[in-house]
Amino acid sequence: MTPDAWPYLDIHQSRTHRPTPYERRLAATLEEIFTHDGHQLADIVGGLNTRQVHAPDGAPWTEDTFRAEMHRLGA
């Protein structure tokens, strides 16, 4: 099937802009956490904080701030 045939998968179909450096770093770190630490919310928040990838306001992540950021990013 050619890419212009329906249905097709566009992996970036929900993007409204190019990822920012923050978004790229967050995505790469999440991938690392999923690979090495786990998939539970506590694993993710702990992994982000351990790796010092802070929430958008510069504070350590909490489960609530992570949920809010994923909602904001449309994830």
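# A tour of a three-helix chain

Of the contacts in the protein chain with a separation of 6 or more, 33% are between residues 24 or more positions apart. The model on screen is predicted.

**Whole chain.** Start with everything selected. The protein chain has three helices and zero strands, and its pattern along the sequence reads α-α-α. Colour the 75 residues by burial: 21% of them are buried. Then switch on the surface. The accessible surface of the protein chain is about 5800 Å², and carbon and sulfur atoms hold 55% of that area.

**Helix α2.** Select residues 41-50, which form helix α2. Which residues are buried here? They are I44, V45, G47 and L48. Turn the view until you look down the axis of α2: the buried residues fall within an arc of 165 degrees, so they line one face of the helix. An α-helix has 3.6 residues a turn, so residues three or four places apart point the same way. Now show the other helices as well. The buried residues of α2 pack against α1 (21-36) and against α3.

**Just past α2.** Move along to Q52, which comes just after α2 and has a positive phi of about 55 degrees. Next, select V53. Apart from neighbours within four places in sequence, V53 is in contact with R25, L26, T29, L48 and W61.

**The nonpolar core.** V53 and two of those partners, L26 and L48, also belong to the largest nonpolar core, as does W61. To see the whole set of eleven residues, add L30, I33, I44, V45, A55, F66 and M70 to the selection. Which elements give two or more residues to this core? They are α1, α2 and α3. As a general point, nonpolar side chains in soluble globular proteins tend to be buried together.

**Helix α3 and E69.** Finish with residues 63-73, helix α3, and pick out E69 within it. Is E69 buried or exposed? Its relative accessibility is 5%, and buried means under 20%, so E69 counts as buried. Show the side chain of Y22 next: a polar contact of 2.8 Å joins it to the side chain of E69. Then add P56 and W61. Not counting residues up to four places away in sequence, E69 touches Y22, P56 and W61. W61 has already appeared on this tour, as a contact of V53 and as a member of the largest nonpolar core.

Notes. Residues numbered from 1 in each chain as written. Predicted model: local features only at pLDDT ≥ 70, side-chain atom pairs only at ≥ 80, totals over all residues. Heavy atoms only, no water. Helix = DSSP H or I, 4+ residues; strand = E, 2+ residues; numbered from the N terminus. Buried < 20%, exposed > 50% of the residue type's maximum accessible area, 1.4 Å probe, protein only. Polar contact = N/O pair within 3.5 Å; in protein donor to acceptor, adjacent residues only side chain to side chain. Contact = heavy atoms within 4.5 Å. Arc of directions from axis to C-beta. Core = buried A, V, L, I, M, F, W, Y, C linked by side-chain atoms within 4.5 Å. Areas by Shrake-Rupley, 256 points an atom, 1.4 Å probe, with all protein chains shown as cover.
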